[in-house]
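Student: Please take a close look at one position in this model. Then set that position against the rest of the chain.

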Amino acid sequence: MHRHIEKHAIERIGWLRAAVLGANDGIISTASLMVGVASASTSASEVLVAGFASLAAGAMAMAAGEYVSVSSQADTEAADLERERRELETQPEHELIELAEIYEARGVSKELALEVAKQLTAHDALGAHARDELGITDTSTAQPVQAALTSAFTFSAGAIVPVLTALLAPPAAMQITIPMVSLLFLAGLGALSARAGGAGIVKPTIRVAFWGALAMVTTGLVGALIGKAI
């Protein structure tokens with residue numbers, strides 16, 4: 001028989017979420033900080049220092065945050081799997097009925113649900129309970145190191161956009177060029193991530209650009225107000 005293999009966008013969700021979050025945060029936070037500093041100071045060197053500092057600190061913060069967060073998820077998954085393993089050893093009949101009831105609740109007849117549960121238990125009891133009772137699958141399993149590295153790399157890739165813009169643009173035009181270029185890249189990121197996830201590109205593009213613009217306007221106003229106050 002010919003085996004039909006389908007590829008689904010959900011298979012990318014593990015790395016796509018971290019990648020989009022990292023790049024999006026990299027552009028928005030770094031560009032916003034640089035716009036805020038540029039609004040408070042006319043020194044191009046101060047703006048660049050702020051940009052590079054934001055890139056380094058943000059990449060490390062994203063990596064640490066993702067690692068800690070996803071590690072907590074991994075610990076919870078491991079604890080639930082260990083509990084299921086013990087229950088399968090101590091009360092296999094109860095676990096078999098529990099699995100059958102899950103399939104029955106999904107619309108399978110009682111007799112067939114019990115037969116399916118028996119066959120899956122014989123093949124891989126823990127895997128069946130992990131998937132159908134706990135919702136843990138290969139595509140959703142927590143991977144802390146992958147999430148941390150992806151977030152750090154993509155944050156840096158995003159943050160370098162406003163930094164390079166500041167390096168290449170005339171100092172007097174930083175307040176205009178940094179937000180303009182950053183918004184263009186944000187819109188492109190929104191469209192690219194939507195395409196990779198198999199969704200429409202209009203709403204994600206507008207959503208990303210809107211929040212990026214709001215962040216830059218806010219920090220620009222704060223920088224201008226503080227700059228005048230001190």
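Tutor: Ser69 counts as partly exposed because its relative accessible area is 46%, between the limits for buried (under 20%) and exposed (over 50%), computed with a 1.4 Å probe on protein chains only. Ser69 sits in helix H2; helices (H or I, at least four residues) and strands (E, at least two) are DSSP runs, numbered from the N terminus. In space, the C-alpha of Ser69 is 9.5 Å from that of Ala148, although 79 residues separate the two in sequence.

The model is predicted, so local features need pLDDT of at least 70 and side-chain atom pairs count only at pLDDT 80 or more, while totals for chains, interfaces and linings use all residues. Residues are numbered from 1 along each chain as its sequence is written, and side-chain values use heavy atoms, with hydrogens and water left out.

On confidence, pLDDT is the predictor's score for each residue, from 0 to 100. The chain averages 82, and 87% of the residues score at least 70. By element, the mean is lowest in H1, at 81, and highest in H5, at 89. Residues 8-12 stay under 50, and the model gives them seven contacts beyond four places in sequence; a contact means heavy atoms within 4.5 Å.

H2 belongs to a chain of seven helices and zero strands. Of its 230 residues, 37% are buried. Among contacts with a separation of 6 or more, 75% join residues 24 or more positions apart.

At the start of H2, the preceding loop, between H1 and H2, holds Ser41. Ser41 is buried because its relative accessible area is 17%. Its C-alpha lies 8.4 Å from that of Ala224, which is 183 residues away along the chain.

H2 (44-90) also contributes to the largest nonpolar core, as do H1 (13-40), H5 (144-168), H6 (174-196) and H7 (202-229), each with two or more residues. Such a core is a set of buried Ala, Val, Leu, Ile, Met, Phe, Trp, Tyr and Cys residues joined through side-chain atoms within 4.5 Å. This one has 15 residues, and the members touching the most others are Met34, Val47, Ala166, Met174, Ile178 and Leu186. H1 is the main contributor to this core, giving six residues. Outside its neighbours within four places in sequence, Met34 contacts Val47, Gly51, Pro162, Val163, Ala166 and Ile178. A separate core has eight residues, including Leu99, Tyr103, Ala113 and Ala117.

Further along H2, the partner is H4. The buried residues of H4 pack against H2 and H3 (92-105); they are Ala113, Ala117, Ala125, Leu126, Gly127, Ala128, His129, Ala130 and Asp132. Leu126 illustrates the packing: beyond four places in sequence, its contacts are Leu81, Glu84, Arg85 and Leu88. The C-alpha atoms of Leu126 and Glu84 are 6.9 Å apart, with the two positions 42 residues apart in sequence.

H4 itself is not straight. It runs over residues 110-132 and has 23 residues, yet its end C-alpha atoms are only 16 Å apart, against 33 Å for a straight helix; the expected span is 1.5 Å times one less than the number of residues. A kink of about 120° is centred on Asp124, where the bend is the angle between axes fitted to the seven residues ending there and the seven starting there.

H5, the helix that holds Ala148, is another case. Its 25 residues reach 36 Å from first C-alpha to last, close to the expected 36 Å. H5 bends by about 30° at Ile160, with Pro162 following within four residues.

An unreviewed UniProt entry lists residues 147-169, 181-202 and 208-227 as "transmembrane region"; its positions are given in the numbering used here, feature names are shortened, and annotations may be inferred rather than shown by experiment. In the model, residues 147-169 are 96% helix and 0% strand, with end C-alpha atoms 33 Å apart. Residues 208-227 are 100% helix and 0% strand, and their end C-alpha atoms lie 28 Å apart.
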